[in-house]
Amino acid sequence: MSEMILDSEQLKAVLKSAIVELLHENRQEISDLLAEIIEDIAMERAIEEGETTDLQY
């Protein structure tokens, strides 16, 4: 197996290309993941707000 040496700019370009390809190939999964993250953050904030809010009867 031959060894390949990349300088920092080449490595950056290769990584960028790989990430872009990953995003394109898994668009729906990434969209679902981001939606779940946003829902989790919203739920956490609602719980925190509920814990600090006085109950009024």
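**Notebook: two surface patches and three residues**

I started with the nonpolar side chains on the outside. Met4, Leu6, Leu11, Val14, Leu15, Ile19 and Leu23 form a nonpolar surface patch, and together they have about 670 Å² of accessible area. Note to self: this is a predicted model.

Next I picked one member of that patch, Leu6. Where does leucine 6 lie? I found leucine 6 in the segment before α1, the helix that covers 8–25. I then looked up its accessibility: leucine 6 has a relative accessible area of 37%. That value falls between the 20% and 50% cut-offs, so leucine 6 counts as partly exposed. Which residues is leucine 6 in contact with, leaving aside its neighbours within four places in sequence? I noted Leu11 and Val14, and both of these also belong to the nonpolar patch.

Then I turned to charge. Glu29, Asp32, Glu36, Glu39, Asp40, Glu44, Glu48 and Glu51 make up a negative patch on the surface. I checked Asp32 from that list. Aspartate 32 sits in helix α2, which runs over residues 27–52. Its relative accessible area is 44%, so I wrote aspartate 32 down as partly exposed.

My last entry is on alanine 42, which is also in helix α2. Is alanine 42 buried or partly exposed? I have it as partly exposed, because its relative accessible area is 44%. I also looked up how far alanine 42 is from glutamate 21: they are 21 residues apart in sequence, and 30 Å apart in space from C-alpha to C-alpha.

Conventions:
Residues are numbered from 1 along each chain as its sequence is written. This is a predicted model: local features need pLDDT of at least 70, side-chain atom pairs count only at pLDDT 80 or more; totals for chains, interfaces and linings use all residues. Side-chain values use heavy atoms; hydrogens and water are left out. Patches are made of residues with over 30% relative accessible area and no salt bridge: like charges are joined within 9 Å, nonpolar side chains (Val, Leu, Ile, Met, Phe, Trp, Tyr) within 5 Å. Accessible areas come from the Shrake-Rupley method with a 1.4 Å probe; for residues, only the protein chains shown count as cover. A salt bridge is a side-chain nitrogen of Lys or Arg within 4 Å of a carboxyl oxygen of Asp or Glu. Helices (H or I, at least four residues) and strands (E, at least two) are DSSP runs, numbered from the N terminus. Buried means under 20% relative accessible area, exposed over 50%, partly exposed in between (1.4 Å probe, protein chains only). Lys and Arg count as positive and Asp and Glu as negative; His and the chain ends are not counted. The place of a charge is taken as NZ of Lys, CZ of Arg, CG of Asp or CD of Glu. Contact means heavy atoms within 4.5 Å.
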